[in-house]
Amino acid sequence: MHVGCDYYPEHWPTETWEGTAKAMRRAGFNVVRLAEFAWTFLEPEEGVYDFALFDQAIGILGRHGLKVILGTPTAVMPAWMARTYPETLAVNQGQRVEWGVRKQNCATSPAYRRFSERITRAMAAHYARNPNVIGWQTDNEFGYAHAGPCQCGSCRQGWHDWLRRRYASLEALNAAWGTHFWGLTYRAWAEIPIPVDFGTHNPSACLDWQRYGSWLQVRFQAEQVRVLREVCPGHFITHNFMGYHDTLDYYELAKDLDFVSWDNYPVWGGKVEVNYGASGAADLMRGLKRKNFWIMETTAGPGGWGEFGRNVRPGELRKVALHQVAHGADGLLWFRWRTCTVGREQYWHGLLGHDNKPGRRYREAAATAADCRKLAPLLADTTVKAKVAIIYDYDSLWATKIQKSFAQNSWIHHVGLHQAALQRAGVNLDMVRPDADLSGYRLVIAPQLHVLPDAIAQRLNAYVKAGGVLLTGFRTGVKDASNRCHVRTLPGLLAESLGVHADEYESLGDAGYALRGSAAFPGNYTADCYADWLTADSAEPLLMHTAWHMRGYAALTRNRHGKGWGYYLGANIKEPGFYDQLIAEVLRAAKVRPLITPPAGVEISVREGAGRKLVFIINHLEEPVTMPVPAGKLDALTGRRTGATLRLDRFGVAVLRW
Ligand code: GAL
């Protein structure tokens, strides 16, 4: 297993490098990532390459047993490039951005793409046979754009070309976008605007613009990947993704890579909160290629660029790291080794402080590296194998960003309500694309599957008919792939599985309306933000509206279809506890049971394979927890066997062999 940190030798005097490498080795590290912002050192003048600094640094690291992942350095363009080729800088609202931070380039600029190819090729050729270099990270965090999406002439031309390839004819584009509305019909490709304002432009144009922006980054990466594969066939290629980041189709970005890595910074705010966001994001990162992933950056101390957040509590740095291992991380790097004394990230704290003294956080990282060494042989060939899937769909996410439907709507938050409830129930899940093979899952949850092409609806119906359990609900099936409303009563084709139809629907604003449960689903809840006026046709109503104007309409239903069940949630529910009851109900219908039901604040994640099963039990709380577990299970970290209960320290993690 690879464990280490992100390191910037270019920030520190050469005399410190040897001591740093030794201290990393003492911590038990075996890998570092270098160079993703180092273009100016590697190509100080156009076409003049200089690898001396990194050769020396890699040589020293290598002597101390540290392997290197190199970033292609294209996240920051050198000053000479901006000066000599201003067209490499992005344009925002008609203005070229002022050079001076990172991620400011135009993604279509032929000059930038040529320079990116050349530096990638030069680095690849130089390091192809360096025994200490094992792999590459393309660029840094694609999608994070300081300049926003570029609107220069070259990007506009690229947009028109992309549309031409997609639609072939203007007639087809006009039809797909419905440009007869407001009389916005195009009679020449050059007339098509960049839909900068998602609040006023045609939603179909906006969705295509989002797709085009995503495709540009995927193509930019592909150009580097092509060179790296050709010149360094022995090296792996990855990229540092950003979890729930929402501007790129991450499934597409992941396709060209050997594995996904991601940057996980879950420690924010002033107090410890149990937040399952890092669990869901990890499941999405594993879902992109249906494969384990790496953590390329993670919390090493307080983070911030001007103000900084709280510090990691004792035990928390280890918990944050092992939590990701539990979800499928096979590599783990802390950001960063040492806190920088200069530049924008002086307050983004590394394992070591400004004073370079190995302290508590360094010792904890070293202890975590030791844990990973213990776990490594057991983790080999294991991954998370889930019986439950959540459909994570970028088209639906984007379409609901372009038109939220109701003021409080956040697609990712809505997905998170279901995902966190599964986590609280102690059940692992996969995040999968809408056209994934669902046959291995007993339960599929599709929150706000807003963009629903007919083929996907038919697959979902077939899945239910064959015995699957589907949970979906409001704002599902509203749009087709062009982001036009379907000409159907909601939930469209899925009515076959769900046995309901929405006569009407509305946003509820600040109002809350009481719901009454049933014998099958007891409890009183409140609909807020949004409600369908839902008629149960063949379905059984589980929750009913009681407000006079919605009386007789259902808010939650279940329907037998073939051998399976279709559940429909027709309202946003105010009480967070509702989602626990809902998830318990659908898990019961799907006959999925957790190995252990965790107490509040404790998470269970299982890695299995090669005849082994490892049950991670993770305490997210800053209080110790004692919980019942089966007796006699061996804790792979402590070497002790469980009694009838397990005690976890504050932020404690146990890994039980099952
Ligand atoms: C990450 C980025 C790093 C560093 C870190 C802290 O998103 O990849 O380069 O900036 O955040 O701000």
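User: What makes the pairing of glutamate 141 with an oxygen atom of the ligand a polar contact?

Analyst: Its distance does. A polar contact is a pair of N or O atoms within 3.5 Å; within protein, one must also be able to donate a hydrogen and the other to accept it, and residues adjacent in sequence count only if both atoms are side-chain atoms. A polar side-chain atom of glutamate 141 lies 2.6 Å from an oxygen atom of the ligand, so the pair qualifies. Bear in mind that this is a predicted model, where local features need pLDDT of at least 70 and side-chain atom pairs count only at pLDDT 80 or more, while totals for chains, interfaces and linings use all residues. Residues are numbered from 1 along each chain as its sequence is written, and side-chain values use heavy atoms, leaving out hydrogens and water.

User: Which distances do arginine 102 and glutamate 345 show?

Analyst: Arginine 102 places a polar side-chain atom 2.8 Å from a ligand oxygen, and for an N or O atom in the side chain of glutamate 345 the distance is 2.4 Å. Alone, the ligand exposes 300 Å², and the protein buries 92% of that (accessible areas by the Shrake-Rupley method with a 1.4 Å probe; for residues, only the protein chains shown count as cover).

User: How do you know which residues surround the ligand?

Analyst: A residue is near a molecule or strand if one of its heavy atoms lies within 4 Å of it. The residues around the ligand include Phe37, Asn140, Asp263, Trp305 and Trp348. The shell divides into five nonpolar, two polar and five charged residues; Ala, Val, Leu, Ile, Met, Phe, Trp, Tyr, Cys and Pro count as nonpolar, Asp, Glu, Lys and Arg as charged, and the others, Gly among them, as polar.

User: Why does glutamate 141 have a phi worth flagging?

Analyst: Glutamate 141 has a positive phi of about 40° although it is not a glycine. Its place is in the loop between strand E6 (133-137) and helix H6 (153-167). Helices (H or I, at least four residues) and strands (E, at least two) are DSSP runs, numbered from the N terminus.

User: What makes E1 and E11 paired strands?

Analyst: Two strands pair if DSSP finds at least two bridges between them. Four bridges join strand E1 (residues 2-6) to strand E11 (residues 329-334), which run parallel, so they meet the criterion. Valine 3 stands opposite leucine 332 in E11.

User: Why are E22 and E25 called edge strands?

Analyst: Four strands form an open antiparallel sheet in the order E22-E23-E27-E25. Strand E22 (602-609) and strand E25 (634-635) each have a single partner strand, so one side of each is left without a neighbour in the sheet. Eight bridges join E22 to strand E23 (residues 612-619), with glutamate 603 opposite isoleucine 618.

User: Which peptide bond involving phenylalanine 335 is cis?

Analyst: The one to arginine 336, with omega near -5°. Arginine 336 sits in the loop between E11 and helix H12 (360-379).
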